Amino acid sequence: MIVARLDQAQLLDRTGELADLLMDTVEDGASVGFLAPLDRTAAIAWWEERAAAVAAGRLTVWAAHEGRRVLGTVSLAFPDKPNSRHRAELVKLMVHREARGRGLGRRLLATAEDAAIGAGVTLLHLDTETDSLAERLYGSAGWTRAGVIPDFAASPAGVLRPTTIYYKYVGPTPVRTLV
């Protein structure tokens with residue numbers, strides 16, 4: 001399986017496969033921002049909307065694929081404010097149901113962490129549904145649980161669920177300055 005960073009053209013070329021992955025993730029009940037059932041046209045449109053952010057460098061997207069089939073993805077979203085250039089948000093870590101249990105989620109997570117270090121990022125953060133399978137991955141990968149927000153997001157079934165916030169320092173230890 002190949003994990004590769006997608007540029008704008010590659011993202012647009014693979015929107016169909018990425019949409020299929022997103023639909024599988026939502027159908028399986030993962031809270032990634034969408035309600036079920038997710039229409040393929042809407043899933044394709046969502047990925048197409050990400051292309052401008054990729055081109056501008058505000059979003060990096062990796063896809064894990066076997067041939068033309070995308071089996072996983074992860075992204076880093078970079079803030080545009082000068083006081084937050086040291087951090088990034090890990091978003092949309094998804095692994096197709098058929099590819100789970102093979103370490104792909106951990107591999108995608110490590111890919112994003114390594115890329116963050118290469119970009120000079122020292123702090124990553126993310127949110128995930130409380131008590132989800134993803135929580136086990138983040139905890140075992142050294143992420144720190146910062147807290148839980150009740151009723152933060154609706155599950156694909158439309159039920160409000162709590163969300164857990166995580167963070168992780170990556171790369172060299174940051175220098176903290178008190179003003």
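This report describes the sheet, the helices, the cores and two loop residues of a predicted model.

## The sheet

The model is a predicted one, and it contains an open sheet of seven strands. The strands follow the order β1-β2-β3-β4-β5-β7-β6, and their pairing is mixed. β1 (2-6) and β6 (144-154) stand at the edges with a single partner strand each, so one side of each has no neighbour in the sheet. Direction ignored, neighbouring strands of this sheet are turned by 25° against each other on average.

Strands of a sheet pair through backbone hydrogen bonds, in either a parallel or an antiparallel sense. The next section follows the pairs from β1 to β4.

## Strand pairs from β1 to β4

β1 and β2 run antiparallel and are joined by five bridges. In this pair, R5 stands opposite W62 of β2. β2 is mostly covered, with seven of its eight residues buried.

β2 also pairs with β3, again in the antiparallel sense, over eight bridges. A63 has T73 in β3 as its bridge partner. The hairpin of β2 and β3 has two residues between the strands, and G67 in this hairpin takes a positive phi near 65°. On the β4 side, β3 (residues 69-77) pairs with β4 (residues 87-95) in the antiparallel sense over five bridges. T73 stands opposite M94 in β4. T73 therefore appears in two pairings: one with A63 and one with M94.

## Helices across the sheet

Two helices can be placed by the strands they lie across. Helix α2 (residues 15-27) lies across β1, β3 and β4, and runs at about 85° to β3. Helix α5 (residues 133-140) lies across β4, β5 (123-129), β6 and β7 (160-169), and runs at about 155° to β5.

## Helix α3

Helix α3 has 17 residues. From its first C-alpha to its last, α3 reaches 26 Å, close to the 24 Å expected at 1.5 Å a residue. At the start of α3, a side-chain oxygen of D39 reaches to within 3.0 Å of the backbone nitrogen of T41. After the helix comes G57, with a positive phi near 80°.

Which residues of α3 are buried? They are A43, I44, W46, W47, A51, A53 and V54. These buried residues pack against β1, α1 (8-13), α2, β2, β3 and β4.

## Helix α4

Helix α4 covers residues 104-118, which is 15 residues. At 1.5 Å a residue α4 should span 21 Å, and its end C-alpha atoms are 21 Å apart, so the expected span and the model agree. The buried residues in α4 are L104, G105, L108, L109, A112, E113 and A116. G120 follows α4 and has a positive phi, near 85°.

## The nonpolar cores

The largest nonpolar core has 24 residues. Within this core, L76, L90, L124, Y138 and W143 touch the most other members. The elements giving two or more residues to this core are β2 (59-66), β3, β4, α4, β5 and α5. Of these, α4 gives the most, with five residues.

L90 shows what such a position looks like. With its neighbours within four places in sequence left aside, L90 is in contact with V74, S75, L76, L109, A112, H125, L126, Y138 and W143. Another core, of 23 residues, lies apart from the largest one, and its members include L22, W47, L59 and M94.

## Two loop residues

Is H96 buried or exposed? H96 lies in the loop between β4 and α4. Its relative accessibility is 10%, so H96 counts as buried, the cut-off for buried being under 20%. A polar atom of the H96 side chain lies 3.1 Å from the backbone nitrogen of E98. Leaving aside neighbours within four places in sequence, H96 is in contact with L21, D24, R69 and L71.

A30 lies in the loop between α2 and α3 (40-56). With 27% relative accessibility, A30 counts as partly exposed. Apart from its neighbours within four places in sequence, A30 is in contact with T25 and P156. A30 and Y166 are 136 residues apart along the chain, and their C-alpha atoms are separated by 17 Å.

Definitions and conventions
Residues numbered from 1 in each chain as written. Predicted model: local features only at pLDDT ≥ 70, side-chain atom pairs only at ≥ 80, totals over all residues. Heavy atoms only, no water. Helix = DSSP H or I, 4+ residues; strand = E, 2+ residues; numbered from the N terminus. Expected span 1.5 Å × (residues − 1). Buried < 20%, exposed > 50% of the residue type's maximum accessible area, 1.4 Å probe, protein only. Pairing = 2+ DSSP bridges. Axes fitted to C-alpha atoms, helices over the stretch in contact; angles between N-to-C directions. Contact = heavy atoms within 4.5 Å. Core = buried A, V, L, I, M, F, W, Y, C linked by side-chain atoms within 4.5 Å. Polar contact = N/O pair within 3.5 Å; in protein donor to acceptor, adjacent residues only side chain to side chain.
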